[in-house]
Amino acid sequence: MASITTEAKSAATIGVENPATGELITTVPLLGAEELRQMVTRARKAQPGWESLGFENRGRVLRRAQKWMAEHSERVIDVVCSESGKTYEDAQIADYGYTVAALGFWAKHAPRYLADEHVPSWNNPIVAGKRMVIRYAPIGVVGVIGPWNYPITNCFGDCIPALAAGNSVILKPSQITPLSSLLMEEMLRDCGIPEGVFQVATGDGSTGSEMIGQVDCIMFTGSEVTGKKVLQAAAEAMIPCYLELGGKDPMIVCADADLDRAANAAAFYSMNNSGQVCISVERCYVEAPVYDTFVQKVVENVSKLRQGRPGRAGSVDVGALTFPPQLETIEEHVSDAVDKGAKVLVGGHRRQDSGYFYEPTVLVDVDHSMKIMREETFGPTLPIMKVADTEEAVRLANDSPFGLQASVWTRDTERGEQLARRVEAGVVCVNDAQVNYSALNLPMGGWKTSGIGARHGANGIRKYTKTQSLLVTRLAPKRDLHMFPYSRLRTRALGGLFKFLYGRGKRD
Ligand code: NAD
């Protein structure tokens with residue numbers, strides 16, 4: 001594996017292992033309260049200078065980083081694969097590919113999304129004729145806390161718009177996969193980011209928890225359980241907090257769907273990255289007339305998947321599980337389903353390799369009494385359920401505490417869009433899944449317990465700012481109509497004006 005700088009800053013350390021082999025790669029510091037205080041002090045000191053560089057010069061650093069990434073693509077992919085156990089392709093598309101695009105996107109679009117907005121004043125007599133402007137000022141020091149499933153995208157990816165907006169950023173990556181974030185720190189240093197503007201705080205939950213009390217805003221991606229703790233801590237610190245949490249994404253296959261495409265997609269979007277994707281297809285509902293054919297196509301597809309230790313491009317389709325305890329969750333969900341009557345058509349076991357692997361698994365005869373249909377499994381599993389019609393499919397899709405993403409598959413795209421609008425999820429794709437994540441101008445965020453706020457689009461960067469409203473009075477009399485001393489005449493005149501403006505005409 002390519003080397004990463006893991007400068008020792010703290011006595012306590014965390015071991016980072018390769019989950020595909022079980023071998024220890026290196027150790028990183030487990031930072032505590034004092035180290036974090038020092039980091040936040042450095043970040044606060046550096047922020048005004050970074051802000052004053054303006055969009056153009058900040059964008060220059062991000063564009064240089066884009067070039068750096070493109071030139072070091074093999075090293076980036078290598079580091080991601082080694083600490084996550086994912087395949088070359090999973091790292092290439094969703095970590096490297098996403099981030100190399102995002103660096104350019106935010107460099108280009110930050111000035112437009114954060115440009116001053118002029119607000120009309122003519123429609124209110126109290127402020128008529130005044131200049132009114134909304135400006136987006138950086139919030140200060142942004143803390144980003146990330147998970148292990150996409151070590152760059154779900155960690156560093158959320159730092160890019162915060163940096164483009166003029167903030168300093170401290171990133172607390174998952175203790176399972178910190179090396180990719182350290183590589184991003186090295187990248188930005190090489191590309192000339194000023195000292196203290198971007199720092200990586202390696203550590204575990206205690207490090208993340210310490211950080212919340214010291215920064216000005218928290219962007220968190222992770223589980224629902226931790227998300228609730230983060231939200232409580234952010235409330236205590238009275239800082240804005242955005243949460244991107246878990247999901248149980250439903251896939252609805254209509255009788256008129258292109259079954260080949262739907263089956264290929266079901267296999268891919270449930271098994272890619274070993275199913276450790278927040279927006280993975282976690283459950284599938286298929287209309288009765290096409291159920292048997294669809295299941296047969298999915299089974300054919302999943303049976304052919306090559307699973308194993310990730311190597312070079314094209315060597316395997318499904319890699320390891322990144323987080324060892326995930327194996328137990330998957331086993332628990334599969335055995336709970338089987339105990340309640342489900343049938344395993346493919347897979348269904350952990351593999352006895354040196355790393356952490358669970359076989360790509362397809363289940364049928366499932367229902368909503370089973371954990372595999374209700375709780376986030378986060379593994380290479382696809383439970384498929386037969387439904388009478390799309391009404392039943394929508395009802396079951398919405399029978400969930402989660403609302404991250406969903407997909408509807410039909411040749412009638414107009415009807416597909418109508419069905420999509422009835423599914424309770426922050427994103428719904430028709431004849432597609434997951435690819436919306438690479439549309440950086442399309443918001444992505446969860447409903448229900450899947451999150452608060454969204455990434456991408458205008459609000460994906462505005463959330464890292466505080467708005468300041470400016471009201472400027474240029475030409476004005478010595479005394480306005482509403483000022484002291486009150487007089488009967490002027491009060492009546494104002495009353496007449498309000499009636500004229502707001503009280504004319506008929507109302508139903
Ligand atoms: P996790 O909640 O266990 O950990 C996430 C991060 O929080 C880690 O960096 C961890 O060290 C830190 N942390 C733990 N306790 C903390 C505390 N008390 N205060 C502050 N930080 C704390 O999640 P995970 O297992 O790393 O990630 C998997 C989960 O992430 C899944 O549920 C998945 O669906 C979700 N996820 C969501 C999205 C999304 O965009 N919605 C994307 C990727 C992953």
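α7, β8, α8 and α11 (326-339) each supply at least two residues of the lining of the largest pocket. Helices (H or I, at least four residues) and strands (E, at least two) are DSSP runs, numbered from the N terminus. α8 gives the largest share of this lining, six residues.

This is a predicted model, in which local features need pLDDT of at least 70 and side-chain atom pairs count only at pLDDT 80 or more, while totals for chains, interfaces and linings use all residues. Residues are numbered from 1 along each chain as its sequence is written, and side-chain values use heavy atoms, with hydrogens and water left out.

**The two pockets**

A pocket is an open set of points on a 1 Å grid over the protein atoms alone, where a 1.4 Å probe fits, with protein on both sides within 12 Å along at least five of seven lines; lining residues have an atom within 4 Å of a point. A volume is the space filled by probe spheres set on the points, which are joined across faces, edges and corners.

The largest pocket holds about 930 Å³ of space. It is lined by 36 residues, and W148, F220, G222, S223 and T226 lie nearest its centre. The lining divides into 15 nonpolar, 15 polar and six charged residues. Ala, Val, Leu, Ile, Met, Phe, Trp, Tyr, Cys and Pro count as nonpolar, Asp, Glu, Lys and Arg as charged, and the others, Gly among them, as polar.

The second largest pocket holds about 620 Å³. Its lining has 29 residues, with I93, A94, F268, N272 and Q434 closest to the centre. α4 (88-113) and α9 (259-271) each supply at least two of the lining residues. The split is 16 nonpolar, nine polar and four charged.

**The ligand**

The ligand sits in the largest pocket (more than half of its atoms lie within 2 Å of the grid points). Around the ligand are 31 residues (a heavy atom within 4 Å), of which G146, S223, T226, L245 and E376 come nearest. This shell divides into 12 nonpolar, 13 polar and six charged residues. α7 (205-212), β8 (217-221) and α8 (224-237) each supply at least two of them. α7 gives the most, with four residues.

Three side chains make polar contacts (N or O atoms within 3.5 Å) with oxygen atoms of the ligand.

| Side chain | Distance to a ligand oxygen atom |
|---|---|
| W148 | 2.8 Å |
| T226 | 2.7 Å |
| R455 | 2.8 Å |

Taken alone, the ligand exposes 850 Å² (Shrake-Rupley method, 1.4 Å probe), and the protein buries 89% of that.

Note on methods
Polar contact = N/O pair within 3.5 Å; in protein donor to acceptor, adjacent residues only side chain to side chain.
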